[in-house]
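Student: Could you teach me how to read a model like this one?
Tutor: Gladly; let's look at it together.

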Amino acid sequence: MYGNISIVDGPTNQVAEDPEKLAAFEAKIARGEKIEPHDWMPTEYRRQLIRMIEQHAHSEIIGALPEGTWITRAPGFKRKMALMAKVQDEVGHAQLLYSAAETLGKSREAMIDDLLSGKSKYSNVFNYPAYTWADTAIIAWLIDASAIINQVTNSKGSYAPYCRALERICMEESFHLKYGYDNVVTLATGTPTQRQMVQEALNRWWRPIMHFFGPPDKASVHTEQLTRWKVKMATNDEMRQQFFNQYVPKILELGLSIPDPELKKDPLTGQWAYGDPDWDEFKRVINGDGPCNAERLAVRRVAEERGRWVREALRKADQKYVTPLA
Ligand code: BYC
């Protein structure tokens, strides 16, 4: 129970909804209209949105960590400034997304508790280490590119607060993409050692980036329901294909190679075929057993503990402000 709204964990297809209200809701979505927080919505729509937006918010704050560790080691003052601004943006995105999820009735405290206890998921990609500066370049270029594909698509969706947050996030992400591309181009056109560094980083991140878009459509649990309700505006495989179409040519143009011997475009269908990116690894990582899962959550727990006094001070100041003096 969150506030006075009951949210059931686990599949809730069994919840009996008022058929008239459900039909009106679905007709509204079919007409392309947006749903606002005060509108009637099925319990399952609410639950799914909380799940997805909350995971997205967690991904932003955890996603600040791999790049964040490079702030003190960035090559040069300008790049340090740019990286600091990017990391700050990512944390700001989490703020926007937690606020959007709160409109559905789950408190921010409950969301953070679920992240720290391991109950809530966050994006697989942030459970891998950033060994070199080149890793941060690949993250800022190709992970932000993947995020933009996902977010621009879903910003046309049905839940208005999520769409508004995504629109703003995408504007900032487009700067990140340029920053990441600039870093990759610098390394790819630099010394042989720099070229090797960026190629090795690409080799490390390629598989996690394939996983970023979610499991293949045939294995996706939520896509059917979420596309029907226009929460997801494309399937996982469609977004992955869009990434191939847009970014494979750009990667090859830089003289880098893609670590998948089976990757090829079918000239007739225009679809990219690719090798199995090891979906077992994906499952392990999203269920808590990736190279950095424990470390990422441990860092967040320390941050939560260190920030406790600030939250308490703010809460007390707030109470003092609203409680009339005796
Ligand atoms: N990672 O039925 P499916 C950023 C889970 S941050 C982890 O296809 P759905 C950035 C899925 O949750 C931006 N888990 O799911 C920040 C489900 O498990 P549960 C991050 C994943 O929801 C800092 C199960 O697998 N973007 O850009 O229909 C620095 C079955 O999957 C993943 C977002 O968060 C994954 N990759 O579709 C730099 C986008 N994929 O919940 C950059 C928002 C799947 O049943 N999320 N799972 O236990 C989405 O768009 C959708 O949730 C997904 C998955 C496309 C990811």
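We will go through the ligand's surroundings and then a pair of helices.

Tutor: This is a predicted model, where local features need pLDDT of at least 70, side-chain atom pairs count only at pLDDT 80 or more, and totals for chains, interfaces and linings use all residues. Residues are numbered from 1 along each chain as its sequence is written, and side-chain values use heavy atoms, leaving out hydrogens and water.

Student: Which residues come nearest to the ligand?
Tutor: A residue is near a molecule if one of its heavy atoms lies within 4 Å of it. Here 37 residues surround the ligand, and K121, N150, V221, H222 and K232 come nearest.

Student: Which helix gives the largest share of that shell?
Tutor: Helices are DSSP runs (H or I, at least four residues), numbered from the N terminus. The largest share, eight residues, comes from α2. Helices that each supply at least two residues include α2 (43–68), α7 (192–212) and α10 (279–286).

Student: What about polar contacts with the ligand?
Tutor: For a polar contact, look for a pair of N or O atoms within 3.5 Å. A polar side-chain atom of K232 lies 2.7 Å from a ligand oxygen atom; for S220 the distance is 2.8 Å, and for Q55 it is 2.9 Å. Taken alone, the ligand exposes 1,000 Å², and the protein buries 92% of that (Shrake-Rupley method, 1.4 Å probe).

Student: At what angle do α7 and α10 pack?
Tutor: Axes are lines fitted to C-alpha atoms over the stretch in contact, and angles run from 0 to 180 degrees between N-to-C directions. The angle is about 75°, with the axes of α7 and α10 10 Å apart. That makes α7 roughly perpendicular to α10 (65 to 115 degrees).

Student: Which residues meet there?
Tutor: Contact means heavy atoms within 4.5 Å. R207, M210 and H211 in α7 meet W279, E281 and F282 in α10.

Note on methods: A polar contact is a pair of N or O atoms within 3.5 Å; within protein, one must be able to donate a hydrogen and the other to accept it, and residues adjacent in sequence count only if both atoms are side-chain atoms. Angles under 35 degrees count as roughly parallel, over 145 as roughly antiparallel, 65 to 115 as roughly perpendicular and the rest as oblique.
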